[in-house]
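Biologist: I am new to this structure and would be grateful for a close look at one part of it. Please describe how that part is put together, and then place it in its wider setting.

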Amino acid sequence: MSPEVPLQPEPIIAAVFALVWGSLWGSFLNVVVYRLPAGLSVVRPRSRCPQCLTPIASWHNIPVLSWLLLRGRCAACQAPIAVRYPAVESTVAALSLAVATPWLPLCLASEPVGWQPVLALLGEQLFVFVWVAIALIDADTFVVPDVLSLPLPLLGLALAALVGDLRGVTWQQSGAGALVGGGGLLLVQWLYGRLTGREGLGTGDIKLLGGIGALLGLVALPAVVLAAAVQGLLFAAAFAVLQRGKALQDRGLQSIRHLALPFGPFLVLAAVQWLLLHRWLAPLLGG
Ligand SMILES: [Zn+2]
């Protein structure tokens, strides 16, 4: 950068704000992922150390930083705090910034800031935050909670109706995506069940895919499902090689084909990839 060009402070402030915003969401999502499957309230009581049950002081509850300062241990009883907590917080912070980045120039271009790009930005972030919670809960419990997955198709449609032009996903694309993602796959699931007598795709995955179609549009669905399936298979293969069959033996399984993997995390991964990369991917795919 040449010295004559003054560094604009606004984009840097906005980027820092997006990171902090995302890390706070990550901290909240850690609570949701832990408490929702257990049927506990996500707001009360305040977070406690699972070992000694000491309530965590707010200055010990700063995303990522507290974990680093406390060297990954509870301040009261020194029990180790899982690295997953700061990992989720920093991942969600990075995703918050990544989703915001294409919108920031639009948001900062006008004075005062127009509501449409801000709504598009916050709407996409909300989807990604809920998706992260769904992916983690599905990975932990093999369940996609309805309370997280069912509002998303409606939210996606509302977002398309309000800022569809700006996002390039019309309400028709959104509605068709929700219908095909939800309804179409219900048909595939039923056929697969009839033909093989097994459940291939969980009903939770189908509800999740309805929301993915509503946000990203019908055009995204084939690529998202394919990318999810390919990455899921690669993960399963890598898992089998790294474990050298131990995980299979432990579970009494004969081959990788019988290894049950939740599909939700891979659908979320592929949906986030599409959301972040579709501006570059769509021309290549003829979309
Ligand atoms: Zn403790």
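Modeller: Helix 8 and helix 9 are roughly antiparallel to each other, a term for angles over 145 degrees, while those under 35 count as roughly parallel, 65 to 115 as roughly perpendicular and the rest as oblique. Helices are DSSP runs of H or I with at least four residues, strands are runs of E with at least two, and both are numbered from the N terminus. The model is predicted, so local features need pLDDT of at least 70 and side-chain atom pairs count only at pLDDT 80 or more, whereas totals for chains, interfaces and linings use all residues. Residues are numbered from 1 along each chain as its sequence is written.

Helix 8 covers residues 171-196 and helix 9 residues 203-216; the two pack at an angle of about 155 degrees, with axes 6 Å apart. Axes are lines fitted to C-alpha atoms, for helices over the stretch in contact, and angles run from 0 to 180 degrees between N-to-C directions. The crossing of this pair is right-handed, meaning that the near helix is turned clockwise from the far one by less than a right angle. Helix 8 contributes S174, G177, A178, V180, G181, G182, L185, L186 and Q189 to the contact, and helix 9 contributes I206, K207, L209, G210, I212, G213, A214 and L216. Two residues are in contact if their C-beta atoms, placed from the backbone, lie within 7 Å. An α-helix has 3.6 residues a turn, so residues three or four places apart point the same way. By class, the contact of helix 8 with helix 9 holds nine nonpolar, seven polar and one charged residues. Here Ala, Val, Leu, Ile, Met, Phe, Trp, Tyr, Cys and Pro are nonpolar, Asp, Glu, Lys and Arg charged, and the others, Gly among them, polar.

Another pair offers a second view. Helix 3 and helix 5 (residues 115-141) pack at about 150 degrees, with axes 9 Å apart, and are therefore roughly antiparallel as well. Helix 3 passes helix 5 in a right-handed crossing. Their contact involves V92, L95, S96, V99 and A100 of helix 3 with L121, E124, Q125, V128, F129 and V132 of helix 5. It comprises eight nonpolar, two polar and one charged residues.

As for the setting, the protein has twelve helices and zero strands. Residues 24 or more positions apart account for 70% of its contacts with a separation of 6 or more.
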